[in-house]
Amino acid sequence: MQAVILVGGEGMRLRPLTSTVPKPVVPLVDRPFVVYLLEWLRRHGVDDVVMSCGFLATSVRNVLGDGSQLGLRMRFVEEPEPRGTAGALKFAEPFLDERFVLVNGDVLTDLDLTAQVAHHERTGAVGTLALVSVEDPTPYGLVRLDEDHAVREFVEKPPADQIDTDLISAGAYVLERSVLDLVPPDRSVSIEREVWPQLVGAGLYGTPHRDAYWLDVGTPERYLQATFDIVERHVDTAVGERLGESFLAVDASADVRGRVVPPAVIGRVARVDAGAHVGSLVVLADGVTVGARTNIERSVVLQGAEIGADCVLRDCVVAAGARVGAGSHITRGAVLGEGVTVGADNTLTNGARLFPGVELPAGALRFPPERELI
Ligand code: GDD
Ligand code: MG
């Protein structure tokens, strides 16, 4: 079966993680984000993938190659300018089979695509949307279903006063090629706002996947959540299988002298000095170093980053090649971009974002204890 993956968005909300790397290839635990999607698709019989790229397509292609490593045929289609979700699909038309799967490139899921294809065939649908349930549907596409699972209404980004169901579109569709007849060529077209409404009552169905794991990994908070859910094995992934019952993967070449508490993943030639405490819910990528007595919990430290001695890292992301000086505290959703340097004795907290190229001198940033704030 064939799948088209939409990866043309700029990933603005994930910055600074996407300042230097396009979202599909941002590393998640130990592999590029979009590889989770590819592995999931392959488990459900997909062997042919069309990547619909916009922004930084070449680097996506450089990282993923031709897909043969994953046992997939993979082709890349690059739009001249962003065409929107349906416009991008239209642009890929020459490559498409009679029936294919279309997925948003920013979701992490293990939903049962095989069951959805079977449902699509049973109803003779033109399009079948995967549906998942969320607490707050306002940032998504809300779907009202009839008893026979035909879509009665589709409301993209519904206003809060219009919420009467918890079912939203998960961004994974089974489609017949005839859907493309509804998409005008050569302009930006939104599949959610212009195509689904036309298909209501004309062959659009929904398959609820109430037990599936599903997350739109659109912000650094959700990036951390996705990491935790993978290493806790709340979502079925190849990485989770590798972690097994110990919930731990320490590469044989890593030099660990401190304490590691699972779930945790420690990459090749990473170094954890004596007295350091790593975990739980920590990923140290290849070549990361952690100084003596440093404490890291619920955090991701990407390739080659160097964390000094006596630091505290909690609920944060440190991108590749960043350096954190001794005694610094990086906490509560702070994100350091690629190659950032933080001198000794700084405090970064409450969602602070440091963009690539920033160099913070020693002791430059401190927060007084809460009780001293006015
Ligand atoms: N090639 C290409 N060109 N891809 C695009 C373009 C484009 O112009 N615009 C968006 N995409 C890709 C994004 O990279 C992303 O993977 C996917 O299409 C969806 O775009 P988002 O910008 O992430 O949309 P959203 O999250 O606000 O809403 C969509 O996803 C929700 C589920 O996460 C909608 O499909 C909602 O209906 C759905 O509920
Ligand atoms: Mg999204």
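Q: What makes the backbone oxygen of R83 and the side chain of S188 count as a polar contact?
A: Start with the distance: in this predicted model, the backbone oxygen of R83 lies 3.4 Å from a polar atom of the S188 side chain. A polar contact asks for N or O atoms within 3.5 Å, one able to donate a hydrogen and the other to accept it. The value of 3.4 Å is within that limit, so the pair counts.

Q: Which residues touch S188, and where does S188 lie?
A: S188 sits in the loop that runs between β11 (167-176) and α5 (191-199). Leaving aside residues up to four places away in sequence, S188 touches P82, R83, G84 and E194. Each counts as a contact because heavy atoms come within 4.5 Å.

Q: Is S188 called buried, partly exposed or exposed, and why?
A: The relative accessibility of S188 is 42%. Buried would need under 20% and exposed over 50%, so S188 is partly exposed.

Q: How far apart are S188 and H277 in sequence and in space?
A: They are 89 residues apart along the sequence, and 50 Å lies between their C-alpha atoms.

Q: Why is R144 called buried or exposed?
A: R144 belongs to strand β9 (residues 141-145). Its relative accessible area is 11%. The cut-off for buried is under 20%, so R144 is buried.

Q: What does the side chain of R144 make a polar contact with?
A: The partner is the side chain of D164, at 2.8 Å. Set against the 3.5 Å limit, 2.8 Å is within range, so the pair qualifies. D164 also appears among the residues that R144 touches, along with A150, V151, R152, E153, V155, Q162 and T165, not counting residues up to four places away in sequence.

Q: How do you know which strands stand at the edges of the sheet of 7 strands?
A: Follow the order, which is β14-β17-β20-β23-β26-β29-β32, with parallel pairing in an open sheet. β14 (248-250) and β32 (353-354) have a single partner strand each, so one side of each has no neighbour in the sheet.

Q: Why do strands β20 and β23 count as a pair?
A: Strand β20 (residues 282-284) and strand β23 (residues 299-301) are joined by 3 bridges in the parallel sense. At least two bridges are needed, so these strands pair. One place to look in the structure is V283, whose bridge partner in β23 is V300.

Q: What order do the strands take in the sheet of 6 strands, and which are its edge strands?
A: This open sheet runs β16-β19-β22-β25-β28-β31, and its pairing is parallel. The edge strands are β16 (259-261) and β31 (347-348), each of which pairs on one side only. β16 is joined to strand β19 (residues 277-279) by 3 bridges. In that parallel pair, V261 stands opposite G279 of β19.

Q: What makes the space lined by Y36, E39 and W40, among others, a cavity?
A: A cavity is space where a 1.4 Å probe fits but cannot get out. The whole structure has 2 cavities of 30 Å³ or more, and the largest holds about 60 Å³. Its lining consists of Y36, E39, W40, R43, L108, T109, V235, D236, T237 and A238. α1 gives the most, with 4 residues. By class, this lining has 5 nonpolar, 2 polar and 3 charged residues.

Q: Which residues line the second largest cavity, and how do they divide by class?
A: L14, K23, V26, F33, V217 and Y223 line this space, which has a volume of about 30 Å³. The lining has 5 nonpolar, no polar and 1 charged residues. Lys counts as charged, so K23 is the charged one.

Q: What makes a pocket something other than a cavity, and what lines the largest pocket?
A: A pocket is an open set, whereas from a cavity the probe cannot get out. The largest pocket holds about 1100 Å³. It is lined by 41 residues, with G9, T85, N104, D106 and E192 nearest its centre. β11 supplies the largest share of the lining, 4 residues. By class, the lining divides into 14 nonpolar, 15 polar and 12 charged residues.

Conventions: Residues numbered from 1 in each chain as written. Chains lettered and ligands numbered in written order. Predicted model: local features only at pLDDT ≥ 70, side-chain atom pairs only at ≥ 80, totals over all residues. Heavy atoms only, no water. Helix = DSSP H or I, 4+ residues; strand = E, 2+ residues; numbered from the N terminus. Buried < 20%, exposed > 50% of the residue type's maximum accessible area, 1.4 Å probe, protein only. 1 Å grid on protein atoms, 1.4 Å probe; cavity = no way out; pocket = protein on both sides within 12 Å on 5 of 7 lines; lining within 4 Å. Points joined across faces, edges and corners; volume = space filled by probe spheres on them.
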